[in-house]
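Here are my notes for you on this structure. Keep the model open and find each residue as it comes up.

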Amino acid sequence: MPSGTHTRILKPLILIPFAVVLVLHPLLIHGPSCGQDLAFHLQSWLDAAQQLRHGTLYPHWNITAAWNAGEPRFLFYPPISWLLGAILTLIFPTALCPTIFIAIALLAAGFSFNKLASEFASPNAALIASTLYLANPYMLFTAFERSALAELLAAAWIPLLLLALLRPRPVGRHAALVTIRGIAIPLALLWLTNAPAAVIGSYTLALLATLRVLSCLCFSSCHSDPEFLEGEEPASRAQRARSSIALAATYLAGTILGLTLPAIYLVPAAYERKHIQTAMAILPNMRYQDNFLFTRTADAAHNAVNHTISLLALTLLLLTAATVLTLLLKRSLTRKNFAAKKPVLPPSQESVILSEVSRSNARETQPKDPEALHPTDTASPISTNTPNPATLTTTLALLTAVITFLLTPLSAPIWHHLPNLAYLQFPWRLLALLTPILALSIALLLDTRNMMGAPFMPWLYRGMGGVATTLTLLLPLALAVPAYRLYHQPCDPTDDPTRLAQLFSTHHGFPPTDEYTPTLADNDPLRSNNPAYWLAAHPNDPAPNTQPTAAELNPTLDTDDTPIPDTQTLSTPAPHHLTVKTTGPRYLILNLRDYPNWQVTEADSAAMELHYPTHITRPDGLIAISLNHVGDYTIDVTWHRTLDQQLGLALTTLSLIVLAFIFRRKPNT
């Protein structure tokens, strides 16, 4: 491999990890930032890790949530982030796991964006933009203030989806193609990582694919320029129409494959959402209408966070708009300069030259040393192997305008009517899409490929790119230091990783999650120190010697955010096999939240028959069954895999086979 190619490949492999270390150096020195969601993620990781130790490779039920009564969190929360976190807790000390997770997410984001930017810009410009992307303020806000670690990891897949959508139409042998797998893989990864990011990615796919297919159709059938149509054969126009249909079919097939690959998660999550209280995810202060830019509510804490993120969003929007407008202006000026300098040739001579260029392009192969030849500095403005810069910049401008509109209250009808868009909760989550647009725009601005005139910053492309390397190392530091000071959250006892791990190892339970609570359950009367099971005279009786909840003591209490002392959270999960002896009719209550997948069987010593007792509804949602006779009862509790879960597994297996077949096909087939 030539030395220039070595340099082009090795620079990102060395500098991007180094940039990640620079971004995270405050966490390496001072410890993790305990943002709003850190305790939720850590509890999921520890619970999933415990089940992995016992051989459950894909858990569905979070055992220790809801004070060891459990909840179906793993059915509804995409699995990649909590499985990765679980593996980390099996290898590293719990206190280090959040920082390592963030490092992995930023590293993946840097490399994936480098792949996107390298498609459209020179290696140096792509490298600088990659470090900007992985260290951008919204990324660090997500990592430090919110600790929304699944959203952070999803930022690694958005550039790959944009790459699939922004690639040029297939022109010539060597042009990059829009492929089924290019669309399917990032879409599937988004759905398996974070649902809000997946919704954003899905709507972005729908918008850009629709516009691109319509553009292709108009180009083939709606062109009214007589000079354009004069020399075009009818067969050529028909072929272009077929190409637009093929492009639409590629988008459709990629979307279908991208939705069936994660079917093992997506089908049960979509079908079984009727069994949980999903509406709890969009309570006041968690609704889109409460989180437009600079929106204020009666909650002071909410207003403070929304003001912070609104300032950040406004800054990023202005930077993106300025960068895109500069690109549009520069391309317009350079195109005029190029047209002014272009010599006018007789038609016969122009035809000969174009014919020779076409034959030359057909024979063209990859250069032996692409970086040595500086193809990005000398690329022809009419090269068929690179995307049309005007089209690309226009697309970025369109996306920026759409995001800007969706961040304002004017877009409320769209948020209300488009399916699942309201579950994004925070419109500013769209910054996850805006930041790669900003970084890609900066890469294009720094690049000289397709720039029909003088380079914007020619010193970035001279020699070994020492200045670009310096910028790559300085920018992460310049962005990380103020972000840490602004967004770092100290660790309270309720979310300190070491303390949470200690509580988990000593069998303490953890609070329930409202949106994953079963439909008929109420978290207010659920006591935090229940035993594994107990016998009672009435089905709603609480366990003896347990502490009443605040709602039980004061029924008029609307909400209570006071942390429960550790001495009151020591509880026991219900066993899956037990024997009880009764001296009369009793009710057996299990410290296990009732859910359709739980199947309870009962066998008494007198009848020696297996029964499926009816589950009696309790206010706290625990399973209660009636034991009507005197004697010994054998109770078994099993998790029953439902038809939707079996269907999801079958679809994912079939999709993996299809994907493997696509990978085995030759690129030109």
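1. **Strands β1 and β3.** Start with strand β1, residues 533–536, and strand β3, residues 586–593. Four bridges join them, and the two strands run antiparallel. One pair to find is Y533 and its bridge partner in β3, L590. Strands of a sheet pair through backbone hydrogen bonds, either parallel or antiparallel. Please bear in mind throughout that this is a predicted model.

2. **The two faces of β1.** Which side chains of β1 point to which face? W534 and A536 point to one face, and they are buried. Y533 and L535 point to the other face, and they are not buried. The side chains alternate along the strand.

3. **The whole chain.** Now step back. The protein chain has 26 helices and seven strands. It holds 669 residues, and 47% of them count as buried. The accessible surface comes to about 31,500 Å². Carbon and sulfur atoms account for 65% of that surface.

4. **Contacts along the sequence.** Take the contacts between residues at least 6 apart in sequence. Of these, 78% join residues at least 24 apart.

5. **A four-stranded sheet.** In what order do the strands of the open sheet lie? The order is β2-β7-β4-β5, and the pairing is antiparallel. The edge strands are β2 (577–582) and β5 (610–611), since each pairs on one side only. Look next at β2 and β7, where β7 covers residues 631–639. Six bridges join these two antiparallel strands. Within this pairing, V580 stands opposite Y633 in β7.

6. **Helix α22.** This helix runs over residues 431–446 and has 16 residues. Does its length come out longer than, shorter than or in agreement with the span expected at 1.5 Å a residue? The expected span is 22 Å, and the end C-alpha atoms are 22 Å apart, so the two agree. The helix is also mostly covered, with 15 of its 16 residues buried.

7. **Salt bridges.** How many salt bridges does a search of the whole structure find? The search finds eight. Side chains of opposite charge can pair when their charged atoms come close. The next three points take up some of these pairs.

8. **E71 and R73.** These two form a salt bridge, with the closest N and O atoms 2.9 Å apart. Are the partners buried or exposed? E71 has a relative accessible area of 0%, so E71 is buried. R73 has a relative accessible area of 3%, so R73 is buried. The cut-off used here is under 20%.

9. **E151 and R146.** Here too there is a salt bridge, and the closest N and O atoms are 2.9 Å apart. Both E151 and R146 are buried. The pair belongs to a network of salt bridges that links R146, E151 and R429.

10. **D290 and R287.** This salt bridge has its closest N and O atoms 2.9 Å apart. The two partners are covered to unlike degrees: D290 is at 8% relative accessibility and counts as buried, while R287 is at 28% and counts as partly exposed.

11. **Positive phi angles.** Check two residues other than glycine. N68 has a positive phi, near 70 degrees. N68 sits in helix α3, residues 65–68. With a relative accessible area of 4%, N68 is buried. F294 has a positive phi as well, near 60 degrees. F294 is found in the loop between α15 (263–271) and α16 (300–341). At 37% relative accessible area, F294 is partly exposed.

12. **A nonpolar patch.** Which residues form a nonpolar patch on the surface? They are I87, L90, I91, F92 and L96, with about 450 Å² of accessible area together. Take I87 as an example. I87 lies in helix α5, residues 79–91. Its relative accessible area is 43%, so I87 is partly exposed.

Definitions and conventions:
Residues are numbered from 1 along each chain as its sequence is written. This is a predicted model: local features need pLDDT of at least 70, side-chain atom pairs count only at pLDDT 80 or more; totals for chains, interfaces and linings use all residues. Side-chain values use heavy atoms; hydrogens and water are left out. Patches are made of residues with over 30% relative accessible area and no salt bridge: like charges are joined within 9 Å, nonpolar side chains (Val, Leu, Ile, Met, Phe, Trp, Tyr) within 5 Å. Accessible areas come from the Shrake-Rupley method with a 1.4 Å probe; for residues, only the protein chains shown count as cover. A salt bridge is a side-chain nitrogen of Lys or Arg within 4 Å of a carboxyl oxygen of Asp or Glu. Buried means under 20% relative accessible area, exposed over 50%, partly exposed in between (1.4 Å probe, protein chains only). Contact means heavy atoms within 4.5 Å. The expected span of a helix is 1.5 Å times one less than its number of residues. Two strands pair if DSSP finds at least two bridges between them.
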